[in-house]
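Q: Please take a close look at the charged side chains of this model, with their pairings and their surroundings. I would like the cut-offs behind each term stated as you go.

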Amino acid sequence: MEPGRLQELYGIYIHIPFCIRKCPYCDFYSVTDLSLIPRFVGAVIREIEMPDRSPVAIDTIFFGGGTPSVLTAGRISDILDAIRRCFDVSADAEITMEVNPGAIHVRELRCLHKAGVNRVNIGIQSFDDQALGFLGRIHSAADGLRAVEAARRAGIDNIGIDLIFGLPGQTPAQWRQDLDTAVRLDPEHLSCYQLTYETGTRMAADLEANKFQALSEENAAEMFDQTGRFLASAGYARYEISNFAVSPSRRSRHNLKYWTFAPYLGFGPSAHSFSGRRRSWNVAGIDDYLARMAAGEAPTEGEETIDRTRGMTEAIYLGLRLADGISITGFNDCFQADFAGIFGKASALMESMGLLKTENGRCRLTNQGMRFADGIAGRLIEAI
């Protein structure tokens, strides 16, 4: 929703905390002990079925991780059955599953599609085997091509491909080759993320130890601009800084909930839930999570109320990520605020620098501004 517009349809996020091998750049919670999967599935179903939850209507379900595709289609189906028993799931719900090309087969994809999965995000990351090796991926470039073909053969007609750019030593020509290969596969959605070095990851430690040199900010910025130009020419419209779709109907309806203040429920270790004014999160550790569920206790680790200042801060950070930007009327209605009065001076400065645009009742980043989204949001937030 826009801030201030009633939104009753929730999304559901299921965190599948298992990986065959942990990627060195990833800071999402996961473990490699796949023997815990049966206990986890039973636990997450019990969490979904907990009786103290208010009934809500659902129009998106997202299996993320971790590597959700390490679960069999039967186990994914069991989780979906539990959701359908406990919630009013719309007939046209978007049901997405993240897929690792090294951990999926067409047979499983067919079973997943039969169970209700109608959208997949395939974590290809690169079509270059050397780049995949640096990223610590378990699949090859050929596996990535086969995964897209397998999803099509399984009858899934809404396919997203995830790619990473800005690797050490990567050239614009190499990145263009990845983009060109992806576009030739004709996916409905593309996510193109710049490689970041998150604190606590092995890759960040290797960078700190000078085992490699990060790509310069100038070269990374060139690739960011290249991405927008290339994908626009190929018919993909940017709707969020890192996300592109062939049409509005193929945007990630679930991820849009995060960027537009819509409510969602999270199940599984480390998952978050958001009701519009309150946010809660589960314990991160799989052992703690399983113990809580075995004891019949809620797995919640903490919660917070989103006060006016926090809400305005998040609305700026999240809203500016969208190509359409922030609805000024929606912002004012939601927070009983005067957007122009609060942010006018800072936004005028950003506009004079070609980074921000205010028109047709919306405040949005320019293409150049998208390269500096966090910094621009920070400048605006200083005025709150």
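A: What follows begins with the whole fold, then turns to the charged residues, and ends with some backbone details and spacings.

The model is predicted, with local features requiring pLDDT of at least 70 and side-chain atom pairs counting only at pLDDT 80 or more, while totals for chains, interfaces and linings use all residues. Residues are numbered from 1 along each chain as its sequence is written, and side-chain values use heavy atoms, with hydrogens and water left out.

The protein contains 15 helices and 15 strands, where helices (H or I, at least four residues) and strands (E, at least two) are DSSP runs numbered from the N terminus. Its radius of gyration is 21 Å, close to the 21 Å that the globule rule gives for 384 residues, so the protein is as compact as a globular protein of that length; the radius is taken over C-alpha atoms, and the rule is 2.2 Å times the number of residues to the power 0.38. Along the principal axes, the C-alpha trace spans about 55 × 50 × 40 Å. Of the 384 residues, 53% count as buried, a word that stands for under 20% relative accessible area, with exposed meaning over 50% and partly exposed lying in between (1.4 Å probe, protein chains only).

Turning to the charges, a search of the whole structure finds 16 salt bridges, each defined as a side-chain nitrogen of Lys or Arg within 4 Å of a carboxyl oxygen of Asp or Glu. Arg 279, Glu 304, Arg 310 and Glu 314 are linked in a network of such bridges. One of its pairs is Glu 314 with Arg 279, whose closest N and O atoms lie 2.7 Å apart. This pair links distant parts of the chain, given that Glu 314 sits in helix H11 (residues 308-319) and Arg 279 in strand S11 (residues 278-282), 35 residues apart. Both partners fall in the buried class, Glu 314 at 11% relative accessibility and Arg 279 at 13%.

Another pair of the network joins Arg 310 to Glu 304, with 3.3 Å between the closest N and O atoms. Here the partners are partly exposed: Arg 310 has a relative accessibility of 35%, and Glu 304 has a relative accessible area of 21%.

A further salt bridge brings together the side chains of Arg 146 and Asp 143 at 2.6 Å, N to O. These two residues are separated by about one helical turn, because they are 3 residues apart in helix H5 (residues 141-153). Arg 146 is partly exposed, its relative accessible area being 47%.

Charges also gather at the surface, where Asp 33, Asp 287, Asp 288 and Glu 301 form a negative patch. Patch members must have over 30% relative accessible area and no salt bridge; like charges are joined within 9 Å, and nonpolar side chains (Val, Leu, Ile, Met, Phe, Trp, Tyr) within 5 Å. Asp 33 lies in the loop between strand S1 (10-16) and helix H1 (37-48) and is partly exposed at 37% relative accessibility. Leu 36 is placed in the loop between S1 and H1 as well, but Leu 36 is buried, with a relative accessible area of 12%. Although Leu 36 and Ile 286 are 250 residues apart in sequence, their C-alpha atoms are 8.7 Å apart in space.

Some backbone details are also worth listing. The peptide bond from Gly 65 to Gly 66 is cis, with omega near 20°, and Gly 66 belongs to the loop between strand S2 (57-65) and helix H2 (73-86). Asn 210, a residue other than glycine, has a positive phi near 60°; its place is the loop between helix H7 (202-208) and helix H8 (217-233), and with a relative accessible area of 67% Asn 210 is exposed. Phe 261, likewise not a glycine, has a positive phi of about 65° and is found in the loop between helix H9 (253-259) and strand S9 (264-267), yet Phe 261 is buried at 4% relative accessible area.

Finally, Phe 224 in helix H8 is buried, with a relative accessible area of 10%, and 24 Å separates its C-alpha atom from that of Val 148, 76 residues away along the chain.

Terms used. Accessible areas come from the Shrake-Rupley method with a 1.4 Å probe; for residues, only the protein chains shown count as cover. Lys and Arg count as positive and Asp and Glu as negative; His and the chain ends are not counted. The place of a charge is taken as NZ of Lys, CZ of Arg, CG of Asp or CD of Glu.
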